[in-house]
Structures are given as C-alpha cells and as structure tokens.
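Let's take a walk through a protein together, looking at how its inside is packed and where empty space is left. Keep the 3D view open and turn it as you read.

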Amino acid sequence: MAPGTPPRSAARPRKEMIAETKAKLIAAARHAFATQGYAEASMDDFTAGAGLTRGALYHHFGDKKGLLMAVVMQIDAEISNRLCEISSRADNTWRGFVDECVAYIEMSLEPEIQRIMLLDGPAVLGDPSQWPSQSACIRTTTASIQKLIDDGTIRPVDAEATARLVNGATLSAALWIASAENPEAVSKKAVEAFLTLVSGLLVER
C-alpha cells in the first residue's frame with residue numbers, strides 16, 4: 001500500500017449482510033402484499049424490488065408463504081409497540097387497557113393491516129389465534145388483567161380465561177371489520193359493543 005493511502009475498510013460481517021438481504025426482501029414483499037395482495041404479488045416482484053435473486057428468497061424464507069409470515073411478524077411487532085405506547089399514555093391502568101383494546105380493533109381500518117394481517121394472512125397462514133405471536137399476546141393481556149384484579153378495579157375473575165375471551169373478541173371484531181362492505185360503520189358498532197362487554201368486568205362502586 002502506498003504511503004498515505006487510507007486502508008481499505010474491513011469486509012462487512014456476514015451476519016450484517018444477511019440481515020440486510022432479509023430486510024430488503026421483507027420490505028419489497030410488504031409493499032407488494034399491501035398494494036397487490038398476496039395472490040397477485042409474484043416472487044419476481046420481491047426480488048426485483050430488493051435487487052436480489054430468487055435464490056436469496058428461497059434461501060432465507062423458503063417460499064412466498066414463508067416471506068408472508070416474516071412480513072406478518074414484522075407488522076405484528078409494530079402493532080404491539082403502538083399499542084404499548086397508547087396504553088402508556090392513559091391516566092390509569094383500566095383506561096390504558098381499554099384504549100389498547102379499542103385501538104387494536106380500530107387498526108383493522110388501516111389498509112395495510114387490513115389486507116395483510118386480516119385478509120390474506122388468515123387465508124394463507126390459517127387461524128390468526130394460532131399464530132406464534134398470540135401466545136405472547138395472551139401472556140401480556142393476562143398480566144394486565146391480573147393487575148386490574150389486584151388493584152381492585154375489576155372483579156376477581158380468572159385472569160387467563162378473561163384474557164383469552166378479550167383477545168378473541170378483539171380479533172373477531174378486527175376480522176369482521178376487515179371483511180365488511182362498510183368497515184367504518186362496522187368498526188363503530190364493534191367498538192361500542194366491546195366497551196359494553198368489558199365494562200361488565202368493573203367492580204361496582
């Protein structure tokens with residue numbers, strides 16, 4: 001190396017390159033699934049959008065279905081973060097719990113969530129209540145309900161059973177809204193009914 005010539009930057013770690021490749025494919029697929037739908041989006045769309053080959057897609061995700069699952073997991077993580085932020089802004093634990101549930105129902109109006117998470121996702125990946133992320137969701141909801149019980153805010157119900165019923169209600173509402181002819185109208189009805197249902201948990205003052 002000639003004097004004064006700066007050293008070449010070290011080669012990027014393989015792990016970093018793999019993460020970047022996967023991120024590119026997920027981003028391209030997410031855009032295609034949201035704008036075209038799962039059935040219409042082709043693997044050539046993903047690879048062209050990411051500037052990669054089909055081989056990279058097969059290597060990292062197996063197939064189109066595997067890539068959809070990766071997109072679903074990414075969106076699901078984003079939804080969880082948004083819900084945590086919403087509940088953290090509430091004046092009290094009960095308000096935070098209710099706001100979080102209502103926000104989840106209302107997110108079904110968002111085009112990307114509606115198409116990928118509530119229409120194509122269940123059609124391709126099966127019952128959303130059986131997706132891996134639901135186990136974590138049940139645990140989180142159970143903990144929230146147990147805290148409300150301990151605080152004396154709601155009746156001394158079984159926390160896990162109640163969490164499963166609440167999660168089932170919000171998921172069912174979201175699926176209903178996503179497939180409705182008039183999602184906005186259905187969303188309003190679903191939120192109103194949900195609020196009436198969960199109010200029955202409150203301890204009478």
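**Pockets, a cavity and the cores around them**

Start with the second largest pocket, whose lining is made up of T162, L165, V166, A169, F194, L197, V198 and L201. Two elements, α8 and α9 (183-199), each give two or more residues to this lining. The largest share comes from α8, with 4 residues. Sorted by class, the lining has 7 nonpolar residues, 1 polar residue and no charged ones. The space in this second largest pocket is about 170 Å³. Bear in mind as you look that this is a predicted model.

Now turn to the largest pocket, with a volume of about 470 Å³. It has 20 lining residues, and those closest to its centre are S80, L83, E100, C137 and T141. Which helices should you follow to trace its walls? At least two lining residues come from each of α4, α5, α7 and α8. Helix α7 gives the most, with 7 residues. The mix of classes here is 10 nonpolar, 8 polar and 2 charged residues.

One of the residues closest to the centre of the largest pocket, T141, deserves a pause. You will find T141 in helix α7, which covers residues 133-150. Is T141 buried or exposed? Its relative accessibility is 10%, and buried means under 20%, so T141 counts as buried. Its side chain reaches the backbone oxygen of C137 at 2.9 Å. C137 is also among the residues closest to the centre of the largest pocket. If we set aside neighbours within four places in sequence, T141 is in contact with F97, A163 and N167.

Next, look for space that is closed off. How many cavities of 30 Å³ or more does the structure hold? There is 1. The largest cavity has a volume of about 140 Å³. Among its 14 lining residues, D76, Y104, M117, L118 and L171 lie nearest the centre. Five helices, α4, α5, α6, α7 and α8, give two or more residues each to the lining of the largest cavity. The most come from α6, which gives 3 residues. By class, the lining of this cavity has 10 nonpolar, 3 polar and 1 charged residues.

From empty space, let's move to packed space. In soluble globular proteins, nonpolar side chains tend to be buried together. In this model, the largest nonpolar core has 32 residues, and F33, F46, L67, I116 and M117 have the most contacts inside it. At least two residues of this core come from each of α1 (14-36), α2 (43-50), α3 (54-61), α4 (64-88), α5 (93-107), α6 (111-125) and α8 (159-179). Helix α4 supplies the largest share, 8 residues. You have already met M117, which is one of the residues nearest the centre of the largest cavity.

To see the packing from a single residue, pick I116. Beyond its neighbours within four places in sequence, I116 is in contact with R30, F33, A34, L68, V71, V72, I75 and G121. Apart from this largest core lies another core of 22 residues, including I105, I145, A190 and V191. Try colouring the two cores differently and turning the model, then go back to the pockets and the cavity.

Note on methods. Residues numbered from 1 in each chain as written. Predicted model: local features only at pLDDT ≥ 70, side-chain atom pairs only at ≥ 80, totals over all residues. Heavy atoms only, no water. Core = buried A, V, L, I, M, F, W, Y, C linked by side-chain atoms within 4.5 Å. Buried < 20%, exposed > 50% of the residue type's maximum accessible area, 1.4 Å probe, protein only. Contact = heavy atoms within 4.5 Å. Polar contact = N/O pair within 3.5 Å; in protein donor to acceptor, adjacent residues only side chain to side chain. 1 Å grid on protein atoms, 1.4 Å probe; cavity = no way out; pocket = protein on both sides within 12 Å on 5 of 7 lines; lining within 4 Å. Points joined across faces, edges and corners; volume = space filled by probe spheres on them. Nonpolar A, V, L, I, M, F, W, Y, C, P; charged D, E, K, R; others polar.
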